[in-house]
Amino acid sequence: MSTPRPLTLIVNGEPRALQVEPRTTLLDALRERLDLTGTKKGCDHGQCGACTLHVDGERVLACLTLAQQAEGRRITTIEGLAGPDGTLHAVQKAFLAEDAFQCGYCTPGQIMSAVACIREGHAGSAAEIREFMAGNLCRCGAYPHIVAAVQRAARALEQETLA
Amino acid sequence: MSPLDAPVKRGGAGDGLPVLGAALARLDGVAKLEGSARFALDQPVEGLAHAVLLRATIAAGRVTRIDAAAAEAAPGVLAVLTPDNTAPLAAASSWTGAPPAQPQYRPLDAEIFHHGQQIAAVVAETLEQAQEAARLILVDYEAVPAITGLDDPRAGDGDPIDMLSKSWGDAAAALDKAAVRLTLEYRTPREFNMPIEPHGLIAQWDGEELTLWEPSQWLDGMARTYAEWFGLRFDQVRIVSPYIGGGFGSKALALPHGAVAAMAARQLGRPVKLALTRSQTFTGLGGRPATRQVLEIGATAGGRLLAIRQRGWNETSMNAVSVEPLGSVTGLMYALPNFDSRQNVVPVHTVQPGAKRAPGENPSAFGLESAIDELAHAVGQDPLALRLLNDAEHDHSSGKPWSTRKLREALAAGAVAFGWDRRDPMPRSMRDGHLLIGWGMAAGTYPVRRTAGEALVGILADGSVEVASSTADMGTGAHTILAQTAAEALGLPVERVQVRLGDSRLPRAPVTGGSQMAGLMTGAVHKAALAAREVLIGLALSDPRSPLRGTGANTLRLEGGMLVAPDGTAYDVSAVLKATGRERVEALRDTLAENRLKPEDHYRNFTTVSTMRAPTDGDYSMHSWCAHFVEVAVDEALQTIRLRRVVSAFDSGRLYNPKLAASQWKGGIVMGIGQALLEEGLVDHRHARLMNDNLGDYLLPTNADIPEIEVIDVGEPDPHASALGGKAVGELGIVGVAPAIANALFHATGKRLRSLPLTGQRLAEAG
């Protein structure tokens, strides 16, 4: 149970070798071993959404995923969302424009969920966004602005696609 | 142009508005969006050991034995701390500065006062090893019966808190003569702050210097507590809290788990990281205590208030007195000739309650603003009209005039935006298909609290400006509004200002609580910035190397980064500093004198709340005001209650950044919606144990619970409230939300619920 094993995770396009125990979660592996602290621990029980990241492009709760389950799969964290030149993703820009965060702690999870929410085609209306963003708690209460940011980002991404 | 690029204003200069007051985006925003903002537990500290806490499984009694042999032998374990093997710390004085009742403090204590109390800690090389070892510890207890809450017959009536007694006129006589008399009881449950960042810290010793990376709403107050616990000088403790993942009142004081982390780090000679689990954030610290209040209201048949008599109770822990003042707003909102309010605190076996957003004002307003709605119904009047009828021209509790009170304006603006005049006053009269629709409203208020602040403003040779203070930005927008303040005072673009906060080595700041931060810190930064400007101008006029010395000017203006002489000669600030061989000029200023304090009050001012001024200290009574209008839809078959829309109007005085102020107001409303409809700490009354100590069972509002929220600003600068005219923002929004929803629920269903939260089950039980 407690014997560490070598493991390679592909995080934000880069292979990262590390030794973790089988019981180590993807969240703790990223935060405590790889110094990728943008992904936050809010509850460690899959109840708050703060640790949301993408595995093979789909939103996943890193606290409910063992690091070894993610071996060989493409992991994208908040640190890997902006362009290689640092240009913010459309969702990040929209969160700034709409002031869709206050303390910023749930924000990486909100943004990763929002990117997936749009990609999944669940940003069609405010009601739909509220439902498909409901797994990410924000205690500062930025929800109305998060909805506005997702709508704004969805429009921008649609324009980019059309262009 | 992409829709993304339009409304993000990063500077105020280009839009014709003054910098202070412009709706700028957060200056600390990009770091939070990129994931590069390192919160306390994200800090890369070499050689970290990980600590986890073990908690008591009884609520009252004592630990008789802890068998930690298996844990100590488990892989990676460095130490197991227990009541038996840890020495007591010195007890610290309270947040008011009152000396401790006992000389010693045991953060790991064999005496048990509540279920979930920390009793041991395991430190190991990895988090997983510490968690595993903690499960191997065996504990024996001697349990005694516990008092489980306000309704436990053994709890009794509690102890009167004389400080909270208020009265004027003759409430008893006025009630006896009143044409209309209502006696109403309101209750609120145990509520929890639940910031998404759990409480926790990294503690590191370097000789007799203790560094703590810990989220803090009050770095200086917490540093004092740690210093007193460990027998250190104040300057031997450094707290670093660069960002705070939400606090809402819960991160202002040093807590027992912090003492354990620092003890472990000292014992091991290694930095120790200790984060509370989510469950432990329900038992390691308290939120709003459960409350009960009885209001007796007397009025004329026409609805004019004659008297209120109030009796209140809040629970506290067995070993500390926490008060949730239920009379905070009862005598303040309306013209009330006779008032009598008293309050008891009732010790029960729970963790010591803390401060949750608007402690006092919030449950106080739930009682009063529900009762006013009940009175309106009883006398057949519109609840908005009844409030206007009873509007207070001055503060009846202090006898002083209001500094500013735009409550009438808030009520009017909210009513118009909501469409209140289309409301049918009859309960159960408005429908949407099979749904019952209810429109309700309530008012709220929050006082202007004032403590002196301190700030350093430096003007640098590269033309940039640095603002530094130990104050905290937990999402309030301190970084942004303090940059705006300095930019405005110095006539510079806001992009040139760097704001450094959240380190106790920086100039001092009092607690970021009581919604006082913006008012006091903008005042301190403004003062320091003007002083730095004077230093710069003095240098430019008097230094022989200054290019402006030869102009013969008596004074200079500072505009757009240029020092300008009356004859029009102008030099860039950085050119003047470079010519005079300076890297920077700076000024450190505090506002002690403006708050009638002396230099010797400095330490006390920043490390206790003893110098915080009451809203009535001075010639005026100073408060922020608000009015909420809400619509609910009730499906009686399914007993579901859904909130459909919220319109709220606010008077917070001058807004330093309306975009960020709106976020604070809305955040308060969202937390109020959670309080009204969802949040309730449920106690197992057999064991005095909190049953729903997780975010799946203690329900916070989700995005899907929150409808559109419209906020309206009706404030104007209040010259008495603060140096630059602002009043309270952060805690105002939550006050009055729960009663507005309860009033809407009554309008929808004809059923009056007087206990929070307003659930379908309570609606069903109401018949």
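This note takes up one helix of chain B and the interface between chains B and A.

1. The model is predicted, so that local features are given at pLDDT of at least 70 and side-chain atom pairs count only at pLDDT 80 or more, whereas totals for chains, interfaces and linings use all residues. Residues are numbered from 1 along each chain as its sequence is written, and side-chain values use heavy atoms, with hydrogens and water left out.

2. Helix α6 of chain B covers residues 256-268 (helices being DSSP runs of H or I with at least four residues, strands runs of E with at least two). Its 13 residues should span 18 Å (1.5 Å times one less than the number of residues), which agrees with the 19 Å between its end C-alpha atoms. Among its buried residues (under 20% relative accessible area, 1.4 Å probe, protein chains only) are His257(B), Val260(B) and Met263(B). After α6(B) comes Gly269(B), with a positive phi near 65°.

3. Between the two chains, 63 residues of chain B are in contact (heavy atoms within 4.5 Å) with 53 residues of chain A. The chains bury about 4900 Å² between them (accessible area lost on being put together, 1.4 Å probe, summed over both), and 56% of this lies on carbon and sulfur atoms.

4. Chains B and A share 8 salt bridges (a side-chain nitrogen of Lys or Arg within 4 Å of a carboxyl oxygen of Asp or Glu). Glu32(A) and Lys273(B) meet through their side chains in a salt bridge, at 2.8 Å from N to O. On the side of chain B that touches chain A, α1 (29-34), α3 (127-134), α15 (658-677) and β32 (708-713) each supply at least two residues, and the largest share, 8 residues, comes from α15(B).

Conventions:
Chains lettered and ligands numbered in written order. Buried < 20%, exposed > 50% of the residue type's maximum accessible area, 1.4 Å probe, protein only. Buried area = accessible area lost by both parts, 1.4 Å probe.
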